[in-house]
Amino acid sequence: MGDKKHNYDYDLFVIGGGSGGVRASRIASGHGAKVALADDGAVGLGGTCVNVGCVPKKLMVYGSEYGRGATEGHGFGWDTKQGAADWSRLISNKDKEITRLNGIYETFVLKKAGVEIFKSKASLLDAHTVQLADRKVTADKIMVCIGGWPRQMKFEGSEHLITSNEVFFLKEQPKRVVIIGAGYIGVEFAGIFNGYGSEVTMVIRKKSILRGFDDDCRTLLQEELLKSGIKMETGANVVKIVKKEDGLEVTLDNGKVVMADQVMAAAGRLPKTSGIGLEKVGVKMEKGFILVDEWQKTNIPNIYACGDCTPTMQLTPVALHEGHCFADTQFGGYVRRADREFVATAVFSHPNLGTCGFTEKQAREIYGGIKVYQSSFTPLKNRVSGASDKAFMKIIVATHTDQVVGMHMVGHAAGEIMQGFSVAMRMGVTKKQLDSTIGIHPTSAEEFVTMRTVHHEHKDPPAKL
């Protein structure tokens, strides 16, 4: 598929060295295409996920759990004295791992695959020409995988804010933290700082955390976070930050004032699409997102895009999948479109939240009649450790087909558990098939195959699918 039928420098030029861009370029090169990739170095090869997202965050989540382990071990016979955490050691070891991964992406993932790397900002001059720092290059096809960037909040004193970019490089652990926002980034970092012993206050514009997730899971997890000592100011907004001798004075629109050492804005992310020539070339966008069809193609026939700069699911594995499908279709002779049905995801809070498929509200709108099975219990480990965390599991079934259309969990390792069940859901598993599955005992996961009693049911007429 790499036979050249044009006079351009490359078969494919990829703008952006994040998850989608790296995958698209590597797979296309493996299919025989001549490929180059440009990355502006804003965060590093691997993009947000590797440098200032999923990977370092998960390392910090792991670290935040060790303090709890020291306390919970008492019931199992361990008398462990919990010392103070060395924040600088955490950051140093995290940095070493990310540097290692950067090297792997450059040497083993890209260069070994034959992809030429340009460490430069890239912008479009026309539909086939890309301007780099020191040259112009041309390509038959161009793939834009520029990703996203934390939304910048503006109010009096907002220059004192940090975002999910800067939080990974704090030299000292803040003893008092205010987090603005209650999406997965805000919830996860509230748990991280709380686990390391910081005093955490979340400022939430609405009444509940994690908009878009199943309501029962949101309610239970919010209760667990409050039980862990995280404070929440709901229905509130930050209106002013003033730097004082003893920290940052944070004023809310409800009249309350909170003192903090760091204030983190976790109020969403926006596509990083400005300033790279998309408007000049005529690529259609909406609210900054590049509009693409089912093949990742823009309105310009040879320009494509994938990942967080498009209005897709903002998840690393989705960007990987989209980039892979594009490369297979355009260069591998294997025609396939990205399939985003029943994509599992997780929030690495304490406890975890894992989910796949539709929420109860969504399922009612899509399927009409549904049956809901759910269970809340204290995990076996917590019976002895003394931890107060509850686990919660929920199955949503389309009444007229018996198909499982939603599975949700709050509890230890929910993300790990949900990954396996997502395979079954993609294969169209029914409740009868779940019931026929023999569980692993004793585990929390077995609860998903032992729930037999309907908790509640909505007997709406079948929806039009």
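Hi everyone, let's start in the middle of things. The largest nonpolar core here has 37 residues, and the members touching the most others are Ile179, Phe189, Phe193, Met202 and Ile209. Please keep in mind that we are looking at a predicted model. Which elements each supply at least two residues of this core? They are helices α3 (54-72), α4 (87-111), α5 and α6 (215-227), together with strands β9 and β10. Helix α5 gives the most, with six residues. As general background, nonpolar side chains in soluble globular proteins tend to be buried together.

Let's zoom in on one member, Met202. Among the residues that Met202 touches are Ile179, Gly186, Val187, Ala190 and Ile230, leaving aside residues up to four places away in sequence. The list also holds Lys231 and Glu233.

There is a second, separate core too. That one has 26 residues, including Ile370, Met393, Val397 and Val429.

Now, on to the sheet. In what order do the strands of the open sheet come? Reading across, you meet β8, β15, β9, β10 and β11, five strands with parallel pairing. Strands β8 (161-162) and β11 (231-234) are at the edges with a single partner strand each, so each has one side without a neighbour in the sheet.

Let's stay with β9, residues 176-180. Four of its five residues are buried, so the rest of the structure largely encloses this strand. On one hand, β9 pairs with β10 (residues 199-204) in the parallel sense, over five bridges. Within that pairing, Ile179 stands opposite Met202. You have met both names before: Ile179 and Met202 are among the core residues that touch the most other members.

On the other hand, β9 runs parallel to β15 (residues 262-265), and four bridges join the two. Here Val178 has Val263 as its bridge partner, and Ile180 stands opposite Ala265. A handy general point: side chains in a regular strand alternate between the two faces of the sheet.

How does helix α5 fit in with these strands? Strand β9, helix α5 (residues 184-195) and strand β10 together make a right-handed β-α-β unit.

Next, aromatic rings. How many aromatic pairs does the count come to? It comes to 11. One of them is Phe358 with Tyr367, an edge-to-face pair at 5.7 Å centre to centre, with 65° between the planes. Is each partner buried or exposed? Phe358 is partly exposed, at a relative accessible area of 23%, while Tyr367 counts as buried, at 13%.

Phe421 and Phe448 also form an edge-to-face pair, with 5.0 Å between the centres and 65° between the planes. Phe421 belongs to helix α11 (residues 414-426) and Phe448 to the loop between α12 (431-435) and β25 (456-458), so this pair ties together parts that are 27 residues apart in sequence. Both count as buried: Phe421 has 15% relative accessibility and Phe448 has 0%.

Rings can gather in groups as well. Trp87, Phe168, Phe189, Phe193 and Tyr196 are linked into a cluster by ring pairs. Notice that Phe189 and Phe193 also appeared in our opening list for the largest core.

Finally, two lysines to find on your screen. Lys94 lies over the face of Phe169, 4.2 Å from the ring centre. Lys431 has its charged end over the ring of Tyr373, at 4.2 Å from the centre. Thanks for listening!

Terms used
Residues numbered from 1 in each chain as written. Predicted model: local features only at pLDDT ≥ 70, side-chain atom pairs only at ≥ 80, totals over all residues. Heavy atoms only, no water. Buried < 20%, exposed > 50% of the residue type's maximum accessible area, 1.4 Å probe, protein only. Pairing = 2+ DSSP bridges. Right-handed = clockwise from strand over helix to strand, strands pointing away. Phe/Tyr/Trp six-rings, centres within 6.5 Å; stacked < 30°, edge-to-face > 60°. Lys NZ or Arg CZ within 6 Å of the ring centre and 35° of its normal. Core = buried A, V, L, I, M, F, W, Y, C linked by side-chain atoms within 4.5 Å. Contact = heavy atoms within 4.5 Å.
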